[in-house]
Amino acid sequence: MTTELNWTAEGAWTAQGAWGVHDSAGRRFERDRWQARLDELRAAHHVPGATLAVLIDGQVHELASGVLHRGTGVEVTTDSLFLSGSIAKVYTATLVMRLIDEGRIGLDTRVADVLPEFATPDPEATRTITVRQLLSHTGGVTNDFNHDSGRGDDCLAGYVEAARDVPLDCPPGTAISYGGLGYVVLGRLIEVLTGRTWDQALKDLLFTPLGLEHSMTLPEEALRFRVAMSHLGEEGADPDPAPAWDLMPRSAGPYGRVIVSAGDMARFAGMHLTGGLAPDGTRVLSAAAVAAMTSRQTDVPDKWTVSADGWGLGWTLYDWDGVPGHGHDGAAIGQYAYLRVVPHAKLALVLMTNGGSARLLYADLFRDLLAELAGVTMPAPFGPPAQPPAVDLAPLLGTYRREGVVITVSRGQDGGPRMRYEFVDGMKDMSPPLDMELTPVSPGVFAASGAGPSFSEDYMPVVFSTLSNGTPCVYVGMRATPKVA
C-alpha cells in the first residue's frame with residue numbers, strides 16, 4: 001500500500017491514493033526491491049513478522065512480511081497492529097507539549113506544583129523536579145518500578161501514589177537516566193489538566209485530528225484488528241509465541257503501550273515533519289513546540305544502546321556524520337519497534353516486529369534505507385576492537401544499585417572483567433540474572449557478550465561515567481546506576 005500526502009497551500013498534507021509516484025526530489029521508492037529485502041532479512045534474523053513504513057516527501061509506503069502468530073500462521077498485513085513499547089513516550093511528550101502550547105503548564109513548571117500527589121523519598125527532589133526534566137530523563141526517577149495498579153481508569157493515579165516511596169536513580173539534574181516512571185507521572189499530569197484519562201486524551205488530541213484509525217492504547221480496542229503476537233526464544237532460532245499477548249499493566253501506557261500500525265506511526269511522525277499540522281490543515285502542535293522537542297537537553301554517555309547522541313523533549317537525538325535526526329526505539333516483551341526521522345530528507349522510517357533478532361533486522365534494513373533515501377551513514381555495529389586496550393579495572397570494580405537492579409562488576413577467573421546484572425525487589429521475576437564477560441573498548445566503555453541480539457545487536461554497551469555530583473556510576477541500557485560499594 002502507498003499513500004501520497006501532498007502539500008496544500010497551508011503547508012499541510014492531504015492524503016490520496018498513489019502508486020509508483022516519484023517524490024519531489026526525484027527519488028523513487030522501489031517497492032518490490034525493498035519488499036524482497038525485508039523478506040530476506042526477516043527470515044535470516046528469525047523474526048516471525050514485520051511491517052515497514054517509509055514516509056518520504058509526502059508519500060507513505062507500507063510493506064508487510066511474515067506471520068502475526070507462528071501458532072496460527074495468520075499473515076502480517078500492512079494494517080496489522082503491533083505493540084510499540086517505549087515509542088509511546090514520544091506520544092506522551094507530544095501531548096505534554098500541546099498542553100504547554102495551551103498555556104496550562106510550562107517546561108520548567110515544578111511537577112509537584114501541579115500534581116500534589118507526586119513525591120519521592122527525597123523532599124528536596126520532590127520540590128524541584130520539573131516537567132522538562134521528566135521529558136528529558138534528567139529528573140533522576142527510575143525506570144525499573146514495575147507496579148500493576150489495576151485496569152481501571154484510576155490506574156495512573158494509583159501508580160503515582162505507589163511510586164512515592166521509590167528511590168531515585170540519582171539526584172535530579174545530575175545525569176540522564178532513561179526511565180519510565182517519569183512518563184507515568186507525565187501521563188497523570190495530562191489527566192489532571194485535561195480531565196480525561198491518558199488514553200482518551202491521546203485519542204481526542206492526537207489520534208482523531210490526525211486521522212489515525214489504526215492507533216489505540218487498550219487491548220479491547222486492538223482486538224477489532226489483526227494484531228501481532230509477541231514471540232520469545234533463544235538467539236538464532238525461530239521464537240515461540242509468548243504466554244500472553246501483552247505482559248504489561250495498563251499503567252505502563254504513557255511509557256510503553258501505544259498499539260499501532262507502522263503506517264499510522266509514520267503519519268504521526270509526519271505531523272512533526274510538517275511543523276505540527278494535521279492532514280486537513282488543523283494545527284495539532286505549534287511549530288515552536290515541534291522544534292523544542294528536538295532541541296538538545298542533555299548529552300548521552302552511552303551512545304550505543306539506542307544509538308543516541310543526545311536527548312530532546314521525548315525524542316532520542318542522532319548525529320549521523322553531521323546529519324541530524326531523531327527517533328526512538330521500543331520493546332514490549334517480545335515485540336520491538338524502531339522509528340527514525342531525517343528532517344532534511346523529509347523522511348521517516350518505521351519498523352515493527354514481533355520477536356526474534358529484531359535489532360539485527362533493524363540495523364541491516366535501516367542502514368540500507370537511510371543510505372539510499374537520505375544519504376545517511378549509520379554507525380558501524382558496536383563491538384570490541386580487534387586489539388582491546390589495557391584498562392585499569394580497580395576503580396570500576398564493586399557494586400552498583402538502583403531501584404530494582406543490582407550490578408556487580410568483578411574479575412573473572414582469568415582476571416578479566418565480568419558483570420552480573422540482577423533484578424531484585426519488585427523486579428525480581430522479570431528475568432534470571434545475566435552474567436556477562438566484559439571486553440574493553442576504551443577506558444570507560446566495555447562490550448558485554450551474552451545479553452541477546454534483540455537488545456543491542458551482538459554486544460551490549462556498558463559505560464562507566466560519573467554523575468555531576470562526583471558519584472561513580474555505570475550505564476547499562478541507558479540507565480545510570482550509582483556505585484554503592
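## Leu 181, two helices and the overall fold

Leu 181 touches Val 141, Thr 142, Phe 145, Tyr 159, Ala 163 and Val 166, leaving aside residues up to four places away in sequence. The model is a predicted one. Leu 181 belongs to helix H7, which covers residues 181-194. Is Leu 181 buried or exposed? Its relative accessibility is 4%, under the 20% cut-off, so Leu 181 counts as buried. Asn 143 is 38 residues away along the chain, yet the C-alpha atoms of Leu 181 and Asn 143 are separated by 5.6 Å.

**The whole protein**

The protein holds 14 helices and 23 strands. Its radius of gyration is 22 Å, close to the 23 Å that the globule rule gives for 485 residues, so the protein is as compact as a globular protein of that length. Along the principal axes, the C-alpha atoms fill a box of roughly 60 × 50 × 45 Å.

Of the 485 residues, 59% count as buried. Take the contacts with a separation of 6 or more: 61% of them join residues 24 or more positions apart. The exposed area is about 17,900 Å², and carbon and sulfur atoms supply 51% of it. On charge, the protein has 38 positive and 57 negative side chains. The centres of these two sets lie 2 Å apart.

**Helices H11 and H13**

The table sets out both helices.

| Helix | Residues | End-to-end C-alpha distance | Expected span | Buried residues |
|---|---|---|---|---|
| H11 | 262-273 | 16 Å | 16 Å | 11 of 12 |
| H13 | 358-374 | 22 Å | 24 Å | 12 of 17 |

H11 reaches a distance close to that expected at 1.5 Å a residue. H11 is mostly covered. Its buried residues include Met 265, Arg 267, Phe 268, Met 271 and His 272. Asp 264 is buried too, as are Gly 263 and Gly 270. What follows H11? The residue is Gly 275, with a positive phi near 75°.

H13 should span 24 Å at 1.5 Å a residue, and the 22 Å between its end C-alpha atoms agrees with that. H13 is also mostly covered. Which residues of H13 are buried? Among them are Leu 360, Leu 361, Leu 365, Leu 369, Leu 370 and Leu 373. Tyr 362 and Phe 366 are buried as well, and so is Arg 359. Just after H13 comes Gly 375, which takes a positive phi of about 65°.

Note on methods. Residues numbered from 1 in each chain as written. Predicted model: local features only at pLDDT ≥ 70, side-chain atom pairs only at ≥ 80, totals over all residues. Heavy atoms only, no water. Helix = DSSP H or I, 4+ residues; strand = E, 2+ residues; numbered from the N terminus. Rg over C-alpha atoms; globule rule 2.2 N^0.38 Å. Buried < 20%, exposed > 50% of the residue type's maximum accessible area, 1.4 Å probe, protein only. Contact = heavy atoms within 4.5 Å. Areas by Shrake-Rupley, 256 points an atom, 1.4 Å probe, with all protein chains shown as cover. Lys, Arg positive; Asp, Glu negative; His and termini not counted. Charge placed at Lys NZ, Arg CZ, Asp CG, Glu CD. Expected span 1.5 Å × (residues − 1).
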